[in-house]
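Work through these exercises with the model open. Try each task before you read its solution.

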Amino acid sequence: MCEELKAVSTEVNTLTGDTLTLSYNYNKISFGDYFYWYKQDPGKAPEFLISHRASGSLVEAAVDGLKINVKTNQLQMIISSAALSHSAVYYCAVRPTVTANTQSLYNNLTAAHSH
C-alpha cells in the first residue's frame, strides 16, 4: 500500500532573512526510508536540493544552508535565511523501505533464468 506524503501547507510565506520551514506529513516513516527534496522554479525542471534518511542524517546535499528535521510523522526542510530566490514550488519524495521475502524472489529469478 502506498502511503501519502502530504505538504502541511500549500503555501508558506516569510520575510527575507527569516527562517523558512517546509513541512510534509508522512504517517509511515520507517528506518530504511530515504527522502528527497526538490525545488522547481517557474518554467524550469525540478532541481535536486537534499536527501536524507528517516533518522534525519544527510545522504547528499546539493545546496548549502538547508537543515532537515524529522519528527514522528513529519519531515521538515529548514532554510536558515530566506531570500527572494527561494520563491518556488518545493517537493518531497520518499523511497520507502522494501520488505519482501527475498528467498522467494531469489527462487523466482532462478526459475526464470533456468528456462
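Three exercises on this predicted model follow, each with a worked solution.

**Exercise 1. The core**

Task: Find which residues have the most contacts inside the largest nonpolar core, and which strands supply it.

Solution:
- Start with the core itself. The largest nonpolar core has 18 residues.
- Pick out those with the most contacts inside it: Trp37, Leu49, Ile50, Met77 and Cys92.
- Now turn to the strands. At least two residues of this core come from each of β2 (20-25), β3 (34-40), β4 (47-53), β6 (66-70), β7 (74-79) and β8 (89-95).

**Exercise 2. Serine 51**

Task: Decide whether Serine 51 is buried or exposed, and list what Serine 51 touches beyond four places in sequence.

Solution:
- Locate the residue. Serine 51 sits in strand β4.
- Apply the cut-off: buried means under 20% relative accessible area. Serine 51 has 2%, so Serine 51 is buried.
- List the contacts, leaving out residues up to four places away in sequence. Serine 51 touches Phe35, Tyr36, Leu58, Val59 and Glu60.
- Check Ile50 in the same way. Its contacts include Phe35, Tyr36, Leu58 and Glu60. Among the others are Trp37, Ile68 and Met77.

**Exercise 3. The largest pocket**

Task: Describe the largest pocket by volume and by lining.

Solution:
- Take the volume: about 440 Å³.
- Go to the lining, which has 21 residues. Val12, Leu20, Leu22, Ala88 and Tyr90 are the closest to the pocket centre.
- Assign strands. β2 and β8 each supply at least two lining residues. β2 gives the most, with 4 residues.
- Sort the lining by type: 12 nonpolar, 8 polar and 1 charged.

Key: Residues numbered from 1 in each chain as written. Predicted model: local features only at pLDDT ≥ 70, side-chain atom pairs only at ≥ 80, totals over all residues. Heavy atoms only, no water. Core = buried A, V, L, I, M, F, W, Y, C linked by side-chain atoms within 4.5 Å. Buried < 20%, exposed > 50% of the residue type's maximum accessible area, 1.4 Å probe, protein only. Contact = heavy atoms within 4.5 Å. 1 Å grid on protein atoms, 1.4 Å probe; cavity = no way out; pocket = protein on both sides within 12 Å on 5 of 7 lines; lining within 4 Å. Points joined across faces, edges and corners; volume = space filled by probe spheres on them. Nonpolar A, V, L, I, M, F, W, Y, C, P; charged D, E, K, R; others polar.
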